[in-house]
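Colleague: Hey, I'm new to this one. Could you pull it up and walk me through it?

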Amino acid sequence: MYIKDKRTDAAVCDCDAIHAEKVLEVNAKMPDAEQFCDLADLYKVFSDSTRIRILWALNCSEMCVCDLAVLLNMTKSAISHQLKLLRIANLVKNTRQGKIVFYRLADEHVREIFEKGMEHINE
C-alpha cells in the first residue's frame, strides 16, 4: 500500500516488504559490500575522458608512452600518470622491449567492457 509523503507529495510504500520472497531471492544473490566498492572503484577509473581515450587507443593497438603522448597531444608524464591508474585497476598491462615499454589492454574482459560502453552510448 502506498501513502503520500506530506513533505514531498510523493507516493511512498508504508510496509516492510510486499514481496518477501523476491527480497529473499535477491538478497541471496547480493554481493558483499566490498565487492560493490571494488565495482564502484572500477567505474571511477572509467570516469576520466583521458583514460577513456588511452583505452580507445590501446583497444586499437599496443602503444608506448611516447606514441600515446603524441596521439593525445599530452605530456609523457601525464600519460604515464594515467597509465599507472589503469595498471592499478588491472585494465592495462605492459611489456618491455629493450628501453621501450609497450602498453595493451589487460585482457578480453576490458575490451568487452569498453566496447559495450561505446555500443551503449551510440544507440
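**A partly exposed glutamate, and onward**

Modeller: Sure, let's start with one side chain: Glu25 counts as partly exposed, at 46% relative accessibility. Keep in mind that this is a predicted model.

Colleague: Okay, and which side chain does Glu25 meet in a salt bridge?

Modeller: That would be Lys29, with 3.5 Å from N to O. Lys29 counts as exposed, because its relative accessibility is 61% and the cut-off for exposed is over 50%.

Colleague: Where do Lys29 and Glu25 sit relative to each other along the helix?

Modeller: They are both in helix α1, which covers residues 20-29. They are 4 residues apart there, so about one helical turn separates them.

Colleague: Why would two side chains like that pair up at all?

Modeller: In general, side chains of opposite charge can pair when their charged atoms come close.

Colleague: How many salt bridges turn up in the whole structure?

Modeller: A search of the whole structure gives 4. Among them is one between Glu108 and Arg111, at 3.5 Å from N to O. Another joins Glu119 and Lys116, at 3.9 Å from N to O.

Colleague: Which helix holds Glu108 and Arg111?

Modeller: Helix α6, residues 108-121. Glu108 and Arg111 are 3 residues apart in it, so they are separated by about one helical turn. Glu119 and Lys116 are in helix α6 too, 3 residues apart, and again about one helical turn lies between them.

Colleague: And are those side chains buried or exposed?

Modeller: Take them one by one. Glu108 is partly exposed, with a relative accessible area of 45%. Arg111 counts as partly exposed at 24%, and Glu119 does as well at 46%. Lys116 counts as exposed, since its relative accessibility is 54%.

Colleague: Let's zoom out. How many helices and strands does the protein have?

Modeller: There are 6 helices and 5 strands. Starting at the N terminus, the order is β-β-α-α-α-β-α-α-β-β-α.

Colleague: What share of the residues counts as buried?

Modeller: 24% of the 123 residues. The accessible surface comes to about 9,300 Å², and 55% of that belongs to carbon and sulfur atoms.

Colleague: What about contacts between parts that are far apart in sequence?

Modeller: Look at contacts between residues at least 6 apart in sequence: 41% of those join residues at least 24 apart.

Colleague: Now the sheet. What's the strand order?

Modeller: It's an open sheet of 3 strands, ordered β3-β5-β4, and the pairing is antiparallel. The edge strands are β3 (63-64) and β4 (92-97), each of which pairs on one side only.

Colleague: How many bridges join β3 to β5?

Modeller: 2 bridges, with β5 being residues 100-105 and running antiparallel to β3. If you want a pair to click on, Cys64 has Phe102 in β5 as its bridge partner.

Colleague: Which helix packs on that sheet?

Modeller: Helix α3, residues 49-60, and it touches β3, β4 and β5. The direction of helix α3 makes about 95 degrees with that of β5.

Colleague: Switching to the outside, which residues make the nonpolar surface patch?

Modeller: Val26, Met30, Phe36, Leu39 and Tyr43 make it, and the patch is about 490 Å². Helix α2, residues 33-45, gives the largest share with 3 residues. Tyr43 is placed in helix α2.

Colleague: Last topic, backbone angles. Anything to look at there?

Modeller: Two asparagines. Asn73 has a positive phi of about 55 degrees although it isn't a glycine. Asn90, also not a glycine, has a positive phi of about 60 degrees.

Colleague: Where are they found?

Modeller: Asn73 is in the loop between α4 (65-72) and α5 (76-88). Asn90 lies in the loop between α5 and β4.

Colleague: And is Asn73 buried or exposed?

Modeller: Exposed, with a relative accessible area of 72%. Asn90 is exposed as well, at 58%.

Notes: Residues numbered from 1 in each chain as written. Predicted model: local features only at pLDDT ≥ 70, side-chain atom pairs only at ≥ 80, totals over all residues. Heavy atoms only, no water. Patch = residues over 30% accessible without salt bridge, like charges linked within 9 Å, V, L, I, M, F, W, Y side chains within 5 Å. Areas by Shrake-Rupley, 256 points an atom, 1.4 Å probe, with all protein chains shown as cover. Pairing = 2+ DSSP bridges. Contact = heavy atoms within 4.5 Å. Axes fitted to C-alpha atoms, helices over the stretch in contact; angles between N-to-C directions. Buried < 20%, exposed > 50% of the residue type's maximum accessible area, 1.4 Å probe, protein only.
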